[in-house]
Each structure stands twice: as structure tokens, then as C-alpha cells.
Amino acid sequence: GGAIELEPIKLVEKEMSLVGCHAFGSELAEVGRLLPGLGDRLDWLIDAEIPLDEVPAAYEAHLGGQVAGLKTIIQCREASDA
């Protein structure tokens, strides 16, 4: 933890990537235990489940404020592939 000095222009000029993670220690295991029991209470967050080829239209809908939920689930495989 702690503060760092960052020059975003250098990231762009040198075509660098800045990668981070918001998970800490055992939190992911705890979330994994809690999620199955929360499904029904979290459904309102999901706007839609769409196939991969509908992603561009979904972005347009999100950018245009035409969605009710916060998340769109993208199905990257056909249902028969799962």
C-alpha cells in the first residue's frame, strides 16, 4: 500500500500497460462462498445476457443510457458448447 508518483503521459508515449487487482488475500474465497446464496438478490444488477456478436449494440445501449441494470453478461460460447 501507499502512494506512488505516476506520469500518465509516459504510459502513453511508451505504450505501457498499467495492471492492477482489487482482490486481497482470502477475500475471493469468501466471495466464492457467498455468491451462490445471493443470486436472486443480485439479479437486478444484470441488464441482459447476450451473445458475443451483440456486444457492439450493447455498448451503444449502455452509452446511450438505455439499460436498466449495471452489468451485461456476454456469452462467449454457444449454449450447446457449454
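**Exercise 1. Which strands are included in what covers the buried residues of α3?**

Solution. The cover over the buried residues of α3 includes β1 (46-51) and β2. The model used in these exercises is predicted.

**Exercise 2. Find the buried residues of α3 and state how they are placed around the helix axis.**

Solution.
Step 1. Val55, Ala58 and Ala61 are the buried residues of α3.
Step 2. Around the axis these residues take up an arc of only 115 degrees, so they lie on the same side of α3.
Step 3. Turned away from that buried side is a face with the exposed residues Pro56, Ala57, Tyr59, Glu60 and Leu63.

**Exercise 3. Describe Gly65: where is it, and is it buried or exposed?**

Solution.
Step 1. Gly65 sits in the loop that runs between α3 (55-63) and β2 (71-75).
Step 2. Exposed means over 50% relative accessible area. Gly65 has 58% relative accessibility and therefore counts as exposed.
Step 3. The backbone of Gly65, just after α3, has a positive phi of about 70 degrees.
Step 4. Between the C-alpha atoms of Gly65 and Ala48 there are 14 Å in space, with their positions 17 residues apart in sequence.

**Exercise 4. Compare the span of α2 with that of a straight helix, and locate the kink.**

Solution.
Step 1. Helix α2 covers residues 27-42, and a straight helix of 16 residues would span 22 Å at 1.5 Å a residue.
Step 2. The end C-alpha atoms of α2 are only 18 Å apart.
Step 3. A kink of about 60 degrees is present in α2, and its centre is Pro36.

**Exercise 5. Place Lys14 and decide whether it is buried or exposed.**

Solution.
Step 1. Lys14 belongs to the loop between α1 (8-13) and α2.
Step 2. Its relative accessibility is 59%, so Lys14 counts as exposed.
Step 3. Lys14 and Trp44 are 30 residues apart along the chain, and 41 Å separate their C-alpha atoms.

**Exercise 6. List the elements of the protein in order, then judge how spread out the protein is.**

Solution.
Step 1. The protein contains 3 helices and 2 strands.
Step 2. Starting at the N terminus, their order is α-α-β-α-β.
Step 3. For 82 residues the globule rule gives 12 Å; the radius of gyration is 18 Å, well over that value, so the protein is more spread out than a compact globule.
Step 4. The C-alpha trace spans about 45 × 35 × 30 Å along its principal axes.
Step 5. Of the 82 residues, 7% count as buried.
Step 6. The accessible surface is about 7600 Å², and carbon and sulfur atoms account for 58% of it.

Key. Residues are numbered from 1 along each chain as its sequence is written. This is a predicted model: local features need pLDDT of at least 70, side-chain atom pairs count only at pLDDT 80 or more; totals for chains, interfaces and linings use all residues. Side-chain values use heavy atoms; hydrogens and water are left out. Helices (H or I, at least four residues) and strands (E, at least two) are DSSP runs, numbered from the N terminus. The expected span of a helix is 1.5 Å times one less than its number of residues. The bend at a residue is the angle between axes fitted to the seven residues ending there and the seven starting there. The radius of gyration is taken over C-alpha atoms; the globule rule is 2.2 Å times the number of residues to the power 0.38. Buried means under 20% relative accessible area, exposed over 50%, partly exposed in between (1.4 Å probe, protein chains only). Accessible areas come from the Shrake-Rupley method with a 1.4 Å probe; for residues, only the protein chains shown count as cover. The arc is that of the directions from the helix axis to the C-beta atoms. Contact means heavy atoms within 4.5 Å.
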